[in-house]
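Student: Could you take me through one part of this model in some detail? I would like to see how a helix sits among its neighbours.

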Amino acid sequence: MRTLLVTGPGGAGTSTVAAATALAAARDGHRTLLITPGRPAGPPDLDGVPGLRVHTVDSNRVFTDRAAELQDRFGMLFDLLGANPLDQEEFTELPGADAFALLQALGTARGQDVVVADLPSLPRSLALLALPGQLRRYLTRLLPAERQAARALRPLIAQLTGVPMPAEWLYDTAARWDAELAAVQAVVVAASTAVRLVADPGPRATAAVRTARTALALHGLRLESVVANRLLPTGSADPFYGPLADRQHDGLAALRAEADDAGAALHRAPHLGAEPDGAEALARLAVPAPAPWTGGDGPAPDPWTVEDRLAEEGHLIWRLPLPCATRDGLDLIRRGDELVVDAAGFRHIMPLPAALRRCTVEGAALRDGALQVRFAPDPALWPR
C-alpha cells in the first residue's frame, strides 16, 4: 500500500492538492482512499469517481465511542465511589480528539493501492505523526512488560504486600491501545510512506520548506515532492498581477532548488481563480499521483548510521542527516538509553543502539548537513 501524507506550511491549499492527488491516483487505475478531516467546507465533491473512496473523519463520533468504552471500563470504580456515569449525549469532544481520529483512520486503512492523507499544517502534522511512538513509550514506562508478564502473581503479591494491584482490564486496555498505536506507527515508518509538501511560491514558503526538510529528516520521513500551488500565468500586463506573478516565478526557482537538493520532484499547480468544486476542476490542477511503490513491505531504512572509528580514533560516530539545520536551532541531551534531539523547533526522542548504550557521549558536531555524535566506550560497560 502506497501512503502519501500531504501537508504544508498552512493556508496553501493542502486539502485541495490532497483531493487532486487522490483523484489522479484513482484515474490511473489504483484503488484509492482519501482520508480528510471533517471541516465545515468539506472536500470537493468526488462522489462517483471509479476506484476512489473518501473517508471524512468524524472526530466527535470517535471521541464519543472511546469515552463511552473507557467509562464502561471504570464502571466498578464509579460504583465504589457512588458516582453516576455520564450519558453518551453528555460527552463533548475535547481538544486534540481530531488528531486521534485521524490517526485511527490512517492505521485501519486496508485493501487499497494508494492512501492519501490530508494532514493539518506541518508543525501539527509532525506532532501528530510522532504521537504513536510517544504514547507507546509512555505505556511502556507506566506498564512495563515485566509487570504484565507477572499477571498470575498479582493476587498473591496483593495479599503479601497489602497493596492493591492494577486490575486486569487496565493491562488489557493498555495492550489493545499499544496494538492500535503500533499499527499507525507501522504505516508512518513504512518505506512506502512519503510526504508531499504544498506551498505558495515566495520567500516565506522557501523558508518553510527548508524547515520542513530538517523536521522530516529528524523524524525519518521521506519527502516525495513539493507542489507549488496557485501559480498565476506569467507575462500579464496588469500592474497588480504582473509583479505578483514575477515574484511567484522567483519563488518557484527557489522551491525547485530545494526540491532538487532533497531529491524530490517539483509539481506546478495553476491558480484556478476559484475553489474547485468537483472532479473536473481538480483535474485542471494536473497534480500527479504518487509514483507506484515497487519495493517490499517493512519499515524504511534507519536514517541513523553508526560508523566504527574505534581502531583509528577510539570512538564511534552516530550520524543523522539533518538538511538545512543550523547550530543555533540544534540541541541534544542524553537521557539513559535515549537521545533527545531538538532541531528547527522540533523534538525527537530516539533509543540508542545496543552498542552505544555502553558508551559515553564525547561531543557532537553539525557538518555537511548531518548531525554527528561521538561516543567513546565506557570501560565499565564495554565488553573486553
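Tutor: Happy to, and let's start right at a contact surface. On the α9 side, Ala205, Thr206, Val209, Arg210 and Arg213 meet a set of α10 residues, namely Gly251, Ala254, Leu255, Glu258, Asp261 and Ala262. Sorted by class, this contact of α9 with α10 holds five nonpolar, two polar and four charged residues. Please keep in mind that the model is a predicted one.

Now for the geometry behind that contact. A pair of packed helices is described by the angle between the axes and by the distance between them. Here, helix α9 covers residues 203-218 and helix α10 covers residues 241-262; they pack at an angle of about 10°, and their axes are 9 Å apart. Because of that angle, α9 counts as roughly parallel to α10. As for handedness, α9 and α10 cross in the right-handed sense.

Helix α9 has strand neighbours as well: it lies across β11 and β12, and its direction makes an angle of about 20° with β12. Those two strands belong to an open sheet of three strands, ordered β10-β11-β12, with antiparallel pairing. At the edges stand β10 (330-335) and β12 (346-351), each with a single partner strand, so each has one side left without a neighbour in the sheet. Neighbouring strands in this sheet are turned against each other by 15° on average, direction ignored.

Strands in a sheet pair through backbone hydrogen bonds, in either a parallel or an antiparallel way. For β11 (residues 338-343) and β12, the sense is antiparallel, and the pairing extends over six bridges. To follow one of them by eye, find leucine 339: its bridge partner in β12 is methionine 350.

For another view of a helix among its surroundings, turn to α4, residues 97-107. Eight of its eleven residues are buried, so α4 is largely enclosed by the rest of the structure. The buried residues of α4 are Ala97, Ala99, Ala101, Leu102, Leu103, Ala105, Leu106 and Gly107.

Follow the chain on from there and you come to glutamine 112, in the loop between α4 and β4 (114-118). Glutamine 112 has a relative accessible area of 14%, which is under the 20% cut-off, so this loop residue counts as buried. Leaving aside residues up to four places away in sequence, glutamine 112 touches Met1, Arg31, Thr32, Leu33 and Arg53.

Technical notes
Residues numbered from 1 in each chain as written. Predicted model: local features only at pLDDT ≥ 70, side-chain atom pairs only at ≥ 80, totals over all residues. Heavy atoms only, no water. Buried < 20%, exposed > 50% of the residue type's maximum accessible area, 1.4 Å probe, protein only. Helix = DSSP H or I, 4+ residues; strand = E, 2+ residues; numbered from the N terminus. Axes fitted to C-alpha atoms, helices over the stretch in contact; angles between N-to-C directions. Parallel < 35°, antiparallel > 145°, perpendicular 65-115°, else oblique. Left-handed = near helix turned anticlockwise from the far one by under 90°. Contact = heavy atoms within 4.5 Å. Nonpolar A, V, L, I, M, F, W, Y, C, P; charged D, E, K, R; others polar. Pairing = 2+ DSSP bridges.
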